[in-house]
Amino acid sequence: MNFVSPQFALLLTTVLLFLAIFRAAGWRKFILLLASCVFYAYWDWRFLGLLVLVTVMDYYISIWLVTSHNERTRKAMLLASVAVNLSILGYFKYTNFFIDSLNLVLARAGFNLPELQIILPIGISFYIFETLSYVIDVYRRHAEPAESLLDYAVFVTFFPRLVAGPIMRAAHFLPQLKRGIQFSRENFVVGAQFFAQGLLKKIVVADTLAMLTDTVYGIPWVFSSLVVWLGVLAFAVQVYFDFSGYSDMATGVARLLGFELPVNFNLPFTSQSLTEFWGRWHISLSTWMRDYVYIPLGGNRHGATRTNLNMFITMLIGGLWHGASWNFVIWGGLHGLALWAERIFSRGKQPQAWSWPGSLLRALGVYLWVAIACVFFRSPNLIIAAEVFKKLLFIHPVGAHWFFAPAAFYMLIVIIGGFYLRLRKPDGFLSDYRQPHVIPVIAAEFLFAFLFAAGGTSPFIYFQF
Amino acid sequence: MSASPSRKSYIHPGHGAGYWLIFARSAFLILLSFELVIRLFILKHSPVEYKPGWGIIHVRDSYSVHGLEGFAVTHYLDNGEIVTPYQDGISVVVLGDSTTKAAQIPNDSNYVSLTEIALRTRGIHADLHNLGLPDRSIADYVALGPYVQKEYAPEIVVLQVNPSQFFFARAENRPNHFVDAGNGVLKLVTDQPDQVHNLAFTNFISHSGLLTLLDFRARNLLISHSPGQNGTDLAGEGQPIPEIERPSKNKDPQLALRQYGEEILPQIKALQAAYPNSKLVFLVIPYTPTFPSSLDDKIGWISPDDHLLARTLFFMDDVYMIYTLDAFQDLYVSEYNLPRGTWNSAFNFGHLNSHGHAAVASELVKMLGNILSYTEENDETGK
């Protein structure tokens, strides 16, 4: 179920209504769980079973991890949970990738394994990572287990962020659930503000840019090099507005229900380095990868080379998390190498102070690199990626002319607007929900989204992960 | 956001008059900003009126702003005619849909104006009347015949047509539609259009850009999946003619051609009867581009229904026909320009851009030049 659909509006209204009627905490949790199941089943009810399996298994393993005092048993249970979770993710997401890759090797010997007909359950990468972090945190005794299976099920399935994050930690969510659902005017206004902001980002900006990028990445050989450059630069902005738009909407819906979600984006295109960029982009995944991949690999505890290698491996895995194809492996690898290079060249240097035009040029450099690396992220296969790079390198520069003005406009917005928000830190306009202009401004955002929405609403990019 | 939450109040915190004064002022300023930006740069319709025979048309000397694709201000003359550079010479009427109206580009850049200018450079003084009237079927064109003859007495009538217009000429819910009168002859049935009752509302909202855009978006939302129905533009991807298998699915192309011809021939005859003193030039502008599926392919515009309509018209007697497929193809191959799409529309979709209008005009100039030169020669020799 898409946030931008009448079905979702109906579901949300119904949930709010029922939550207002049923005040008992148990009932409210049950309503949330039921709504989440409806939300998920609307896409494909058959995969609810998978959610139930993962939820029940990890809940009881976490109980076992707490009650057991035998370290070997605890470790075995942890490994069993990690193995089952990763096997589920591996089967649904990576089986065909494995078969395809094997076929590449076996092709010379004349073998060709058939692909399996596997449907990728929506949001699987997100909720598997959440259940994994829960079990690991309980094992490490960094988090208390959920008080009941119902609590844990509400955490795993919480519908505002079920299919595309932000990736939540149980330690962040469960205390809020224990506190209880709180309706308030503040939550209502702030939630509506987040939702309107996300709606604008998605249906006005991201979907408009999709008109350009879908075409350029579909038939790059048709266009001139300048058009392809515009498309490539626009995609980085599109994916930012698409995903941060979803995160804002998820945050808004959660806030309406009285919950706070973690911040997922923080003006990434104002970053002065790639290291800073990854601290501001998809923050919930970056921190997950740091805590459960990078640090267990050794983090920065074993010298510079090992640190860089750990970072590179983490980025490779991060790339593979996004999608089961060599494109994503290369995308992750490129970022890993770039981070490695950045650390070598900036060793010992302090982050530079803000300056004009140095800061802007550094931010543009980061943006340019992110956009170019995104060629692998967006291209459906390596053949298309190669065609895009031919155009970017002006190897065959001629082709159809098409200046899609909104792309240039929104690129300027993301850079200039980002710097304005970061440097000026405007904190008076919408920061106090009680101000009389806040509700008219939120209403204007909804009106703007309705009036200037792109022709068609495309699915959120991160739904596929 | 700070401050402690109030559990009781959802709508307003119960401040006094000062709160509501600032609330109202904020709302007013926001609406005013929307209105100004929209009416100046995005959308502002001119008022319309119902004129017997002509249907619903824009009132004389009114202007509309269109900035959703490209940007232009359209100036209307009598009968919803769009202004062209010259108002004297041999009368040529161009009947068409929103492609002919071309609200997305300046009035002097659409193919009607370009043709008029180009003919003058060839020494042919023709006065082209741009009757780009969206939402008209072939039955509407037939119903217009006597009025056009009386008002403009055209030497030539150019009819920009697409397959949808033949399809909707049979639709019984439209004010003008055909019914079979037997022996392959069609009878025109004319009813009072329902939309006339809504003119007051339409003209009321036309005073505000914001209301016009709201209405436009709401209609699009409601009827986006039924193109050509009730008040929408018939320009667009061709609708298949009823009871005929889509050409792309018909295993026998000759059969498809014959069936298509049998369906549209009576409608063409009805048009010829409606404009007895004029030469008819049919202009088919292919709509749907075909995108290349491999690295060796090029962009094309061969959509089966447009193509079949053009082929059918080509084989008919006593009509002139222009099909701009080759002109579009040349535009792309020689200059890498595309006929459709502006700076704010999807690639090669939407209405014709200035390149597309120039390509259509070049074809129309050739055709009208030939016809009018021939006519002038005949006049000079007294034939």
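Okay, one definition before we start: two strands pair if DSSP finds at least two bridges between them. Keep that in your heads for the sheet in chain B. And remember throughout that what's on screen is a predicted model.

So, the sheet. Take strand S11 of chain B, residues 279-284, which runs parallel to strand S8, residues 156-161, with 6 bridges joining the two. If you want a spot to click on, Leu159(B) has Phe282(B) as its bridge partner in S11(B). S11(B) also pairs with strand S12, residues 320-323 of chain B; that pairing is parallel too, and it has 4 bridges. Here the residues to find are Leu283(B) and, opposite it in S12(B), Ile322(B). As a general reminder, side chains in a regular strand alternate between the two faces of the sheet.

Right, how far do we trust this? Overall, the model comes with an ipTM of 0.79 and a pTM of 0.85. For chain B, the mean pLDDT is 83, with 81% of its residues at 70 or more. The start of the chain is a weak patch: residues 1-11 of chain B have pLDDT below 50, although the model still gives that stretch 22 contacts beyond near neighbours in sequence. Another one is residues 225-240 of chain B, again under 50, with 46 contacts beyond four places in sequence. Where pLDDT is low, the predicted coordinates shouldn't be read in detail, so please don't over-interpret those contacts.

On to the interface between the chains. Here 31 residues of chain B are in contact with 33 residues of chain A. On the chain B side, the elements giving two or more residues are helix H1 (17-42) and helix H7 (209-223). Which of the elements gives the most? That's H1(B), with 6 residues. As for the chemistry, the chain B side splits into 22 nonpolar, 7 polar and 2 charged residues.

Last bit, chain A on its own. The domain assignment gives domain 1 as 6-181, and domain 2 in two pieces, 186-272 and 352-464. Going by C-alpha atoms, the centres of those two domains of chain A are 28 Å apart. Their contact takes 13 residues from domain 1 and 16 from domain 2. On the domain 1 side, helix H1 (6-21) and helix H7 (170-179) of chain A each supply at least two residues. That side of domain 1 is made up of 9 nonpolar residues, 3 polar and 1 charged.

That's my tour, happy to go back to any of it.

Note on methods:
Residues are numbered from 1 along each chain as its sequence is written. Chains are lettered from A and ligands numbered from 1 in the order in which they are written. This is a predicted model: local features need pLDDT of at least 70, side-chain atom pairs count only at pLDDT 80 or more; totals for chains, interfaces and linings use all residues. Two residues are in contact if their C-beta atoms, placed from the backbone, lie within 7 Å. Ala, Val, Leu, Ile, Met, Phe, Trp, Tyr, Cys and Pro count as nonpolar, Asp, Glu, Lys and Arg as charged, and the others, Gly among them, as polar. Domain bounds come from an automatic or database domain assignment. pLDDT is the predictor's confidence in each residue, from 0 to 100.
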